[in-house]
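Grab a viewer and a notepad: here are a few packing exercises, each with a worked solution. Try each task before you read on.

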Amino acid sequence: MIVKQNLSPAKVWAYVWKPVSYAAVVAVGVGIAREIVDPEQVAVPFAPIGTVGAAVAIFVAFRNNVSYARWWEARTIWSNLLSNSRVLARQLVASTENAIAAGSGCTKEDILAYRREMVLRIIAISHTLRIQLRETDDWDTVRPLLPPAEFDAFLASHNRPNMLMQRQGIRLKDGVRSGIVGQFDPITFEPNLAALNASIAGCERIKSTPTPRQYDFFTRVSVAVFSTVLPFGLASVIETNQQWLLVLVSVLISSLFIVLERVGAIVDSPFQNATTDVPMTSITNTIERDLLEQLGDLTLPNQVVPTNGYLW
């Protein structure tokens, strides 16, 4: 996620140089044509070009609104994941503390080990979801959070976040059977487990279902068409001895439309391991720090902070 106020011109140029270069070539071509042939043969009335520009602006704005809605939904889902993880950890800590105080029949060491296993698995769920969405391979991040035998089965599974959720449900029933968790505690645990499942499914939906390709394709085509016809329209309102002004104005206006179109296309994918991502690394780091603190750990991972204006 970009958190700095000013963007790097070099990074912006990397996204837009091809369409901007095309617009510049067309504008220069029109300027040269006005020198070679009768300027009246090159010029097109500006009024219809302006109308096309207004229509393209509306289309680009609609596309950007759709893209931002996807990005914001993704961020909201991760906020819910953070909240539900904290609540579930709090419930586990409170329930196991009650088992220790009531003398449930298990030793205090067994109860604390169970509590730690369950809370660490919640942390592992968030890390696993982040890695799967970004399609990276840093699974060693998850290894310390799971029992060794479970980690081997975890790596062999297809949908790893779902496998962890299933294991969490099984271990919750094990806790009820052994007396570590009260018989009625799962009634309060289940809504938060279901909420975690809903968050995982929501992220999978956004990842696997892009904005309808018609929006993306026709927005790009519309901007390209407008960049092509714009210099011909400007040729009817700019004097023939000001070719440089025709090129400059044409490229500036086209660049504005191109940048806006590119913004919508980039924001449309919030899980692409890019600087425009939802800051999943930061959120999982917050989950890990908060839940370890809830366990009573005194040594916490370093907090993830923005680097060069980017928060991962």
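Axes here are lines fitted to C-alpha atoms, for helices over the stretch in contact, and angles run from 0 to 180 degrees between N-to-C directions. Helices are DSSP runs of H or I with at least four residues, numbered from the N terminus. This is a predicted model, where local features need pLDDT of at least 70 and side-chain atom pairs count only at pLDDT 80 or more, while totals for chains, interfaces and linings use all residues. Residues are numbered from 1 along each chain as its sequence is written, and side-chain values use heavy atoms, leaving out hydrogens and water.

**Exercise 1.** Work out how α4 and α10 are oriented to each other.

Start with the axes: they come within 10 Å and cross at roughly 180 degrees. That makes the α4/α10 pair roughly antiparallel (angles over 145 degrees count as such). Next, look for contacts (heavy atoms within 4.5 Å): α4 residues including R115, V119, I123 and R130 meet α10 residues including M280, T284, E288 and L291. Finally, sort by class: 10 nonpolar, 4 polar and 5 charged residues make up the contact of α4 with α10. (Ala, Val, Leu, Ile, Met, Phe, Trp, Tyr, Cys and Pro count as nonpolar, Asp, Glu, Lys and Arg as charged, the others, Gly among them, as polar.)

**Exercise 2.** Do the same for α3 and α8, and add the handedness of the crossing.

The axes of α3 and α8 (residues 213–234) come within 9 Å and cross at roughly 155 degrees, so these two are roughly antiparallel as well. The crossing is left-handed, meaning the near helix is turned anticlockwise from the far one by less than a right angle. Among the α3 residues that meet α8 are F46, I49 and V56; on the α8 side, V223 and F226 take part. The tally for this contact is 14 nonpolar, 4 polar and 2 charged.

**Exercise 3.** Find the largest nonpolar core and the element with the largest share of it.

A nonpolar core is a set of buried Ala, Val, Leu, Ile, Met, Phe, Trp, Tyr and Cys residues joined through side-chain atoms within 4.5 Å; buried means under 20% relative accessible area, with a 1.4 Å probe and protein chains only. The largest one has 48 residues, with W78, V142, F271 and V278 making the most contacts inside it. α4 supplies the largest share, 12 residues. Zoom in on V142: leaving aside residues up to four places away in sequence, V142 touches A124, H127, T128, I131, F151 and F154.

**Exercise 4.** Is Q183 buried or exposed?

Locate Q183 in the loop between α6 and α7. Its relative accessibility is 65%, so Q183 counts as exposed (the cut-off is over 50%).

Definitions and conventions. Parallel < 35°, antiparallel > 145°, perpendicular 65-115°, else oblique.
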